[in-house]
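Welcome! Have a look at the structure below, then try the exercises with us.

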Amino acid sequence: MMEEGLLNTIEGHQGWFAARNGSDSSLDMESVVPSLTLNPWDVVLCISGTIISCENAIVVVVIFYTPAFRAPMFLLIGSLATADLLAGLGLVLHFAFVYFMPSEAVSLLTVGLLVTSFTASVSSLLTITIDRYLSLYNALTYYSERTVTRTYIMLILTWGASICYGLLPVMGWNCLKEPSSCSIVKPLTKNHLIILSVSFFMVFAVMLQLYVQICKIVCRHAHQIAVQRHFLASSHYVTTRKGIATLAVILGAFASCWLPFAVYCLLGDYSYPALYTYATLLPATYNSMINPVIYAFRNQEIQKVLWAVCCGCFSSTVPFRSRSPSDV
């Protein structure tokens, strides 16, 4: 989303080479690029972007080419995979343009792509959480035309808002002409990054509240089933604990990846060392790497299609038992 914190390192390289060569610190881009050495952090981010792209491309292809995967749950998973795929491609393109084709215009485009994709990724996680909650709260009416309509509305709002966020730096809200207004993620302004960070905390708060409600519903349902079927108390405890543990892993992975960067975006300053930006940004990108594992590859229906593809017997109409989004 905000990889142009990476561009801060270009200025760091400029200063380093200026000090080394005893020249003026304000060097032209043309004089710096030929001697610009690879930053290990940029290499790691590029490798991460490649892995992210490959993982999510598999999910997108499987969902797109399998007609059976048109349920709201799979549409939302597909939206998440698409956002993460674009994020991975954005990381790779950023690396290529910074080191091989430096350009202010292209830089703004890659920033817009990253902001759009990471915003869409986080927003898609929220829509999946909402869908899971409603599948439990309104279990009797979940499989209705209203659910499909609601899903499309959530997707339109998700991508509409994400694209608007991404267009802001491209349309002129950047700090290229006013360096003092820069954030830790150049060329995004401090105010822009604050808006993105506050939006993240709002999304996280809603997700946390929804998962708390999901836990309550899961515990209540497990207890009712145990009573009706005369299960032992220990069996009820094990079932409930497993469900809560799964939800904790999902929310914990999301928080551990994004919270450090979101907090640093609010507290950091453009004058801070780029190392801090890299150290908090890298874990945030890992969220796009683990999303396919949590939300797609754990799904039994997607697993069946992947196994069929691996066995060379792919069929878009592979039969499977449709599961509820609440089957976490």
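Here are three short exercises, each with a worked solution.

This is a predicted model, in which local features need pLDDT of at least 70, side-chain atom pairs count only at pLDDT 80 or more, and totals for chains, interfaces and linings use all residues. Residues are numbered from 1 along each chain as its sequence is written, and side-chain values use heavy atoms, leaving out hydrogens and water.

**Exercise 1.** Compare the length of helix α9 with its expected span.

*Solution.* Helices are DSSP runs (H or I, at least four residues), numbered from the N terminus. The expected span is 1.5 Å times one less than the number of residues. Helix α9 (residues 274-297) has 24 residues, so it should span 34 Å; its end C-alpha atoms are 35 Å apart, which agrees.

**Exercise 2.** Find where α9 bends.

*Solution.* A bend is the angle between axes fitted to the seven residues ending at a residue and the seven starting there. In α9 this angle is about 40° at I290, and the proline P292 follows within four residues.

**Exercise 3.** Is M171 buried or exposed?

*Solution.* Buried means under 20% relative accessible area, exposed over 50%, and partly exposed in between (1.4 Å probe, protein chains only). M171 has 68% relative accessibility, so it counts as exposed. Its place is the loop between α6 and α7 (190-228). For contrast, take I163 in helix α6: its relative accessible area is 41%, so I163 is partly exposed. The C-alpha atoms of I163 and A120 are separated by 8.2 Å, with their positions 43 residues apart along the chain.

Conventions
Helices (H or I, at least four residues) and strands (E, at least two) are DSSP runs, numbered from the N terminus.
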